[in-house]
Amino acid sequence: MTETAQMPNVQLNLVGLSKNDYRGAPTTLCAGCGHNSISNQIIAAAYELNVVPEDMIKLSGIGCSSKSPAYFLNRSFGFNSLHGRMPSVATGAMFGDHRMRALAVSGDGDTTNIGMGQFKHIMRRNVPMVYIIENNGVYGLTKGQFSATAEKGLRLKYQGLNPFTPVDVVEEAMASGATFVARSFAGDANQVKSLIKAALSHNGLAVLDIISPCVTFNNEDDSRHSYGWGREHREPLHDFTFVPREEEIQLTDFPEGTTTTVTLHDGAKVVLKKIDRDYDPTSRSAAIHLLESARDEEVLLTGLIYVDPDQPSLTDVAELSAQRPLNRLTETDLRPDKSMIDIANAMMF
Amino acid sequence: MATPQVQETQQQGTGGKAVVNDFSMTVATKNGSGSQTSNLTLLRALFKMGIPVSGKNLFPSNIQGLPTWYTIRLSKKGYLARRAEHEIVVAMNEDTFVEDLASVAPGGAFYYGDHLKFEITRTDISVYSFPAKKFAKESDAPATLRDYVANMAYVGVLVYMLDIDMAKIREALEYHFDGKQKPIAINMGVIEAAYEWTKANLTKTDPFRVEAMDETKDFIMADGNTAGALGSIFGGLQFMAWYPITPASSVAEGVSHNIAKFRDKEGQEGKTYGIVQAEDELAAIGMAVGAGWSGLRAMTSTSGPGISLMTEFVGMAAYAEIPVVIWDVQRVGPSTGLPTRTSQGDIISTYLLGHGDTKHILLLPGSASECFEFGWKSFDIAERMQTPVFVMSDLDLGMNTWMTKPFEYPNTPMDRGKLLWEEDLEKIADWQRYKDVDGDGIPYRTAPGNKHPRSAWFARGTGHNDNAKYSERSDDWERNMARLKKKFETAIEYMPKPEVQGDGAKIGIISYGSTDAAILEARDYLAENGIASDYLRLRAVPFTSEVKSFIDAHERIYVVEMNRDGQMHMILRLEYPEHTMKMISLAKHDGMPLTAKWVQEAVELQEK
């Protein structure tokens, strides 16, 4: 029941939709905000993956980043929830029709300050969802306070010096047993898009920590969340190629011995071509070691840091029907037969 | 069975005559000693003898060691409220021995384990000691269970001394141990040994005993929390998230332990429900709201501290118009307060929970069977009204075992409210999420998974227009808030009506929840003293028209409740300011279930 674009000369994807069908309201964020480029890559990824917008839900908490679901996927159901509480809403929402794909957007304050508890628990439960943290180290809507990801020693205009150790979103994700963990940089549109596609193919909680500079409050070149720093210190872990399920991998494209291929839950593959480091993204200990050394080296390592495609998701554990989602069940399915009332009374004394 | 000989005594108040089926007995033990099985066995056996009984567990916030009391009231007249007095006390705890001895009503009976070495200073009561530990030691109970079955000794003693039917004791144990013969045999062994010892060694000098009646066959015994859980299952619960808290945990556990039995059908592919134990109450309500948004019958259960944590989400759910059911099994607050004592202290804060202008629907169950009824009905109301619905139970109603009417199968089909699917949207050209099409304030909604290209909407706690788009416009805000007010007024027609008793008296009593038993009894005593009263038991807020009619029709209204400030009294005065002067608050907040005597005296004080 998809509504096809009727305009001539508009390019359509395999489900007959144009890129416009994936857009949202015009953004109200600042010009140049990293979040806008991430929104654009969400639109592009969904369009290119031929996702029907009605098959997706989008969620967020509160903050600049959390406003952004209004700016993509207008035809998807959305929930702009409470500050730091998006994970719980998403957890419950996934029970409605668990066949849908979920994509959530949060910020560093929403996730690592007010929302740290729920962030940890949604990973523990492996809720099948893409969880994007648009990470800029600073509060935007309340005008420039430090978030918990701001680096020690960062100096901001009205806040002075940050004396506290930062939270590393990716290390937190590893510690909590997340089954898909990646880091990227809003300035690297292609990588962001490929990682979103891979994350959407993952059956479990996929954490994307995307450094997304705040051009208004935290974009000095020496700030760890600025465009300047990102461009200067970015080190892609690998050349990342996402291959959808329906496409064959042309192995000849990749010289032998230089690539690692991971098959995701829905049959899609990611092909990781070695750049400098030998790296196995299916090893937890390698991931943790890598993160520690990247910190020592002061580099912004980007790419797929860890993936375990085989863990059951929350909705697997819940043993829901593959055919009939919970929210299509009717009274016949949900209300016990009349005779069962005798059983209820007999259970009492 | 041998009937103990009642000896002629000159005891106060009884005139030497037997007192049958009309007294209270309290067992004093230590928490965690396994006395609950003994107490429930006595309670159930008496119930099966056809005698109206109620049992109340007065327990500390503790797992092991602190004093705990269980009080059973037998009432041939059918009174189920707690009495403050007890004629029989069984002392098993050295820490409270002295106060337990002092607490026996004059003319009463005091039983104690002979391992407790105390001087008996009272001469106005009958006193019996028995070898409390002997029978368990001599039984074939494994050493690890001996301390637990030891409490069956006082059951055996009381069976003989009160003339309780031993066959009913066995029936109670069969139920308790789900027919498992080994524990039944071990416990029965201790009871029978104690019985035989008592028969051979004790001479009864008090007048209290029991006699079979025929007053309980139309009832079951149930606690409100299990009843509410089962009602929710019959209501088609699809999602529950919860966080452990006394006294609400057994609502959620009642669901998770029983739902498969009622809802998993042979050959069915997949479950029809999801249950998550959340990391805290914020997450529990967040999950339930997420599930409600996605079109599920969603609920959570908690108590006052959890309600506090849920505040922000509840305000948002009311404003974004998301159905969800929240059980508040109230305990004494503020703060951690008295976590194992009962209260009706969350009424006003829950009614207005959230910042800005919020008002919520409160359902007020007055019995365990009404907990069952509101278990299913709350979902219908929440989905019809697209808003949070609170079921305001309390510790006494929720955790104690009550004689109650059997659960009745829902008498109305499920009401899913104004929920649109693809075929509905095909027929509607200009659906808007928050548009008041029907003039009742209730808009139409859709749920994720709906594949119609016009089905999606963006749920948000921020200001929005009819089309669920972000709006900071003053006119949008005012119009939406006015519609929500209208919706709350519409809710009145879906509220359970109050139960009204009596007709034509000058004074009226308004009460709600677990106070019911005390009010019913107190009205009899008041009538005996020449004060006729009518009684309205509230079953929901907002109030239906019957409430106003009742207030209109009486010269004075006593609002009886269990909190300090008279919270329902406040709401009634807000709703009916013209009647402020004639509504009098009678509020008690000692953490204990209300007694009829307190109600009677409080009214009489005013009426004199």
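Start by selecting residues 368-385 of chain B, which form helix 13; helices here are DSSP runs of H or I with at least four residues, strands are E runs of at least two, and both are numbered from the N terminus. The 18 residues of helix 13 of chain B should span 26 Å at 1.5 Å a residue, and its end C-alpha atoms are 25 Å apart, which agrees; the expected span is 1.5 Å times one less than the number of residues. This is a predicted model, in which local features need pLDDT of at least 70 and side-chain atom pairs count only at pLDDT 80 or more, while totals for chains, interfaces and linings use all residues. To find your way, note that residues are numbered from 1 along each chain as its sequence is written, and that chains are lettered from A and ligands numbered from 1 in the order in which they are written.

Stay on helix 13 of chain B and centre on K377(B), where there is a kink of about 30°. The bend at a residue is the angle between axes fitted to the seven residues ending there and the seven starting there. Now show the surroundings: 18 of the 18 residues of helix 13 of chain B are buried, so this helix is largely enclosed by the rest of the structure. Buried means that 20 or more other C-beta atoms, placed from the backbone, lie within 10 Å of the residue's own; with 12 or fewer a residue is exposed, and in between it is partly exposed. Just after the helix comes Q386(B), with a positive phi near 55°.

**Next stop: strand 16 of chain B**

Select residues 388-394 of chain B. Seven of the seven residues of strand 16 are buried, so this strand too is largely enclosed by the rest of the structure. Turn on the side chains: P388(B), F390(B), M392(B) and D394(B) point one way, and V389(B), V391(B) and S393(B) the other.

Which strands pair with strand 16 of chain B? One is strand 13 (residues 324-332) of chain B, which runs parallel to strand 16 and is joined to it by seven bridges; strands pair if DSSP finds at least two bridges between them. Look for V325(B) opposite V389(B). Another partner is strand 15 (residues 361-363) of chain B, parallel as well, over three bridges. There, L363(B) has V391(B) as its bridge partner.

**Helix 9 of chain B and two cis bonds**

Move to residues 249-263 of chain B, helix 9, whose end C-alpha atoms are 21 Å apart. A kink of about 35° is centred on H257(B). Colour the buried residues, among them V251(B), V255(B) and I259(B). The buried residues of this helix pack against several elements of chain B, including helix 8 (224-234), strand 12 (298-302) and strand 13.

Step back to P247(B), in the loop between strand 10 and helix 9 of chain B. The peptide bond from T246(B) to P247(B) is cis, with omega near 5°. Another cis bond joins V541(B) and P542(B), with omega about 10°. Most residues other than glycine have a negative phi, and most peptide bonds are trans.

**Two loop residues with positive phi**

Is D178(B) buried or exposed? It is exposed, with 8 other C-beta atoms within 10 Å. D178(B) lies in the loop between helix 6 (166-176) and helix 7 (181-201) of chain B, and its phi is positive, about 55°. Over in chain A, select N50(A), whose phi is near 60°. N50(A) is partly exposed, with 14 C-beta neighbours inside 10 Å.

**Where the chains meet**

Show both chains together. The contact takes 48 residues from chain A and 63 residues from chain B, counting residues whose C-beta atoms, placed from the backbone, lie within 7 Å. On the chain A side, helix 3 gives the most, with six residues. Then find strand 2 of chain A, which runs parallel to strand 20 (residues 458-460) of chain B and is joined to it by three bridges. N80(A) stands opposite R460(B) here.

**Last stop: the core**

Finish with V130(A) and L208(A), which touch the most other members of the largest nonpolar core, a set of 269 residues. Such a core consists of buried Ala, Val, Leu, Ile, Met, Phe, Trp, Tyr and Cys residues joined through C-beta atoms within 7 Å. Helix 5 (residues 152-162) of chain B gives the most to this core, with ten residues. Around L208(A), look for contacts including I132(A), A182(A) and L195(A).

Notes:
Two residues are in contact if their C-beta atoms, placed from the backbone, lie within 7 Å. Lists of a residue's contacts leave out its neighbours within four places in sequence.
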